[in-house]
Amino acid sequence: MRLSRKAKGEYQVEVSKDYDPLKIEPRWQKRWEELGVYRFDREDKKKPTYVIDTPPPYPSGEFHMGTALNWTYFDIVARYKRMRGFNVLFPQGWDCHGLPTEVQVEKRYGIRKGDLPPEKFRKRCIKLTEENIAHMREEMDSLGFSIDWSTEYRTMDPDYYRRTQLSFVQLYKRGLIYRGEHPVNWCPRCETAIADAEVEYEDREATISYIKFKLHGEDGYLTIATTRPEYLPACVVVAVYPGDKRYKKHVGKKLEVPPLGQVVGLIEDHEVDPEFGTGVVMVCTFGDKTDVRWVKRHKLPVVKLIDEKGNMSEAAGKYAGLTLEECKRAIVGDLRKAGLLAKQEKLAQSVGACWRCETPVEILTKPQWFMRVLDLKDKVIEGAKRVRWVPDHMRQRLIDWAESMDWDWVISRQRIFATPIPAWYCTGCREPVVAEERQLPVTPAKDKPPVERCPKCGNESFEPERDVLDTWMDSSITIAVHAGWPELDRRLFPADLQPNGTDIIRTWDYYLLVRHLALLGEVPYRTVLVNGMVFGEDGRKMSKSLGNYVDTTMARGKYGTDALRQWAAIGASTGSDIPFNWKDVDFGHRFMRKFWNAARFAGPHLNAKIAGLGPKKLKFRPVDRWILSRLNRLIEQTTGWLEDFQFNRALGAIQTFVWHELCDMYIEEVKHRLYGDDPTADAARYALYHVMLTAAKLLAPFTPHFSEEIYQTHFARDHPYPSVHVSSWPEVNKKFIDESAERAGELTNLIVGALRQFKSERKMALSRELPSVEIYASSGEVAKRLKEVGDDIAGTMRVGKLKIKVGKPKLAERVLAIEPELAKLGPRLRADAKLIVQALREAKPEDLAKRLAKGKIKLRAGGKRFELTPEDVRVIKETASAGRKVGVIDIQEPALTILIVSS
């Protein structure tokens, strides 16, 4: 836009013909940052606060459609709450540490973590992290997210991981963190322990082998089915279901485990599935979690069969040093040669894999640090029930996860790029010594322990802890960190909103809840907002490997950010999965163009004089009262839906109102009043001004750039707000809600729409005058309402003379012709179609119409017989009323007949 001088020293806004988001959006992104409209004001103690705890993403460098969906939800809430008068804290952090970054570094440089000195490897992780953050931050800005970048944090920064270490120390002192040797999930590729929540289950095809175990000291065998023959060297007992008649006589006997021949007992256990395989299972240390429970329950010995790299240990005998797969093939081969492999079958199986590299996980026993989350299970479930979940059923996912947990949370990792565990070990007795709070942050490899002597044995020599903390130990305290913990600002805790996707309920939501309950004894968030996953246009989850992946840069590069945001907001109800569809993005783009053109038309009528008018002195027509009533209902609905996080319903209602009620109907219905000396023109301008300004405000959380451009082009000069995003949210004016006006407006729209269609079907220009129109109403009440809106109908549709009557008109019809529907008859009759055309022309139309009314027309032509149905022909009629040729429109509800008198 630009200003041009008019006569008398006034200025007129020259508005560009089309809305170009690719030029406009970057301009506003820069301007918003300059204005600081997203800044949280820590000094403002009067405004109510609204805190959004955004998940700090891994700085992978990619910003995919799922992430765009997440953050669009967050941003809609943040922008809406600011306009409602809240002092909004919308921070952004980066979960830098952990496997994702290390795996990326390993792939980029073709190395493994042990190939470089730890510090050098860490520096490469930091470099990659900084590069990825820069790219992702740029993408977030380009998508218009109203993040307060002054609150940005990185979990790898000392000030942040000082707090992580502080939480570790405090929980250790309370006995909620401990060190022990227990079975843990282990990723052989990443060479680290991982938590249950980091195990992703995949459906894979496995082979089940039926293996013969010799009864010790007897000639017989028992056959056992297993998918993991590589674990045979670690078999410590065999089990059957109690009372299984097939094996009852063998309980208590010994069996020889092939191929190494160790002798084990046969026991009973209720957890054995008698329907699986042969009903006999081998218990190994550790093939799966069931083995872990059996070992603990029956106090069985533990054989450490594999090492940290997933290779067979010395316990595997002649198979030592082989990988798990190599060992499986070798053992199966040896069993086959020995005649101990009865058969093999294919089996569909769910396999636990590392969330980051998709390698199947194993279970190892290794000294680790744990947090006692099982002791907090009841508090977690109770806390989850006190929180509002959107949608509500998502609460159960967290509860189910908490109830399903078998083990405490293993919080130590055997990696490099992560928060150091603040501990040392006595070289004499191995007693752990944990740092004091005043020391933090510490790096045990560089810093000294807080004591000179071991408190247990008096030894003066210590070695540092080399393991690091799970990355969730960093990100699970964000809510407390935002609130200034350990000096908690009570305005900012708990967070008002905890938004995230369905895929991280069991991690993000769970870890936040359990950690804050442990640290502070409080639930850290009031509301959890859950969004679904994004699917490609082929109906499958969006993925590069499936070829249905769309990058956010590509999507916004075609139609602009606000079009993409509309897809995200309106694509599905909150919590539901959403398909990506280019048509939806295109619709968002076309919607903005529609509104832009309407505002461009109305622009000359939107000025300071109109803004200052009081409604009491204006002469509103029924259509004015209709649009103002509909507007205030829209404010009420949209506000309610946004409070309920129903973004799709809110945006859908706004789009319908703007496109159909404002643009298609109201603007067309007031055009004739805006020029000349119409005494009601200012009332129409007042309505236009407030409807368009309000619509721009209602759209602001969804289409921030577009709404800003509309606001700045047409309204900013009349208002004190530097941006639409710091203006006030529209309030409902109940005085304007008028059911009678809405009925009158709907009646106007009904008739205007019918007359438009009449003109369109006859290829008449909408501006062409209709010399005379008569409307017959079924009742006096309807006729009275029609007279109230008659001027609006006549002015909109350029009706020279409009008459409104009660009753039904007397009509006379004359059939002019019966014409064939050649699109239907041609393919069926081919060359004979010409005969039909000729026969219909030669016959009398009135006779044909009478025969057609009975169901069929029978014709003879060219020596052939033909039958035509009503679908095969088109009846051309002429209607007359009082000797005048008229066009007729019948409307069922309310019962109306419209006569358009021919000139």
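**Notes on the predicted model: strand pairings, a helix crossing and two buried side chains**

1. Starting with a pairing in the β12/β13 region: K254 stands opposite G265 in β13. Keep in mind that this is a predicted model. Strand β12 (residues 254–257) is joined to β13 by four bridges, and the two run antiparallel. Together they make a hairpin with four residues between the strands. If you step through the turn, have a look at G261, which has a positive phi of about 85°.

2. β13 has another pairing to check. Strand β11 (residues 235–240) runs parallel to β13 (residues 262–268), with three bridges between them. One residue pair to click on here is V240, whose bridge partner in β13 is E268. So that you don't mix up the directions: β11 with β13 is parallel, whereas β12 with β13 is antiparallel.

3. Next, the sheet with four strands. This one is open, ordered β8-β7-β16-β18, and its pairing is antiparallel. The edge positions go to β8 (192–194) and β18 (409–410); each has a single partner strand, so one side of each has no neighbour in the sheet. At the β18 end, two bridges tie strand β16 (residues 362–371) to β18, running antiparallel. F370 is bridged to V410 in β18.

4. There is also an open sheet of three strands, in the order β21-β20-β22, again with antiparallel pairing. Which strands stand at the edges? They are β21 (432–434) and β22 (462–464), each with a single partner strand, and therefore one side of each is left without a neighbour in the sheet. From one strand to the next, the twist averages 35°. Strand β20 (residues 423–426) is joined to β22 by three antiparallel bridges, and Y425 has E463 as its bridge partner in β22.

5. On to helix packing. Helix α14 (residues 561–570) and helix α15 (residues 582–602) have axes that come within 8 Å and cross at roughly 120°, which means α14 counts as oblique to α15. The crossing is right-handed. On the α14 side, the contact involves D562, A563, L564, Q566 and W567; they meet D584, V585, G588, H589, F591 and M592 in α15. Sorted by class, this contact has six nonpolar, three polar and two charged residues.

6. Is K81 buried or exposed? This lysine, placed in helix α2 (residues 65–83), has a relative accessible area of 8%, and because the cut-off for buried is under 20%, K81 counts as buried. Leaving aside residues up to four places away in sequence, K81 touches Y50, F86, V88 and E643. I'd display those four together with K81 when going through this part of the model.

7. Last, L786, found in helix α22 (residues 780–797). Its relative accessibility is 0%, so L786 is buried as well. What does L786 touch, not counting residues up to four places away in sequence? The contacts are L747, I751, I775, A777, I804 and L896. For a distance to check, L786 and Y776 are ten residues apart in sequence and 9.8 Å apart in space, C-alpha to C-alpha.

Note on methods. Residues are numbered from 1 along each chain as its sequence is written. This is a predicted model: local features need pLDDT of at least 70, side-chain atom pairs count only at pLDDT 80 or more; totals for chains, interfaces and linings use all residues. Side-chain values use heavy atoms; hydrogens and water are left out. Buried means under 20% relative accessible area, exposed over 50%, partly exposed in between (1.4 Å probe, protein chains only). Contact means heavy atoms within 4.5 Å. Two strands pair if DSSP finds at least two bridges between them. Axes are lines fitted to C-alpha atoms, for helices over the stretch in contact, and angles run from 0 to 180 degrees between N-to-C directions. Angles under 35 degrees count as roughly parallel, over 145 as roughly antiparallel, 65 to 115 as roughly perpendicular and the rest as oblique. A crossing is left-handed if the near helix is turned anticlockwise from the far one by less than a right angle, and right-handed if clockwise. Ala, Val, Leu, Ile, Met, Phe, Trp, Tyr, Cys and Pro count as nonpolar, Asp, Glu, Lys and Arg as charged, and the others, Gly among them, as polar.
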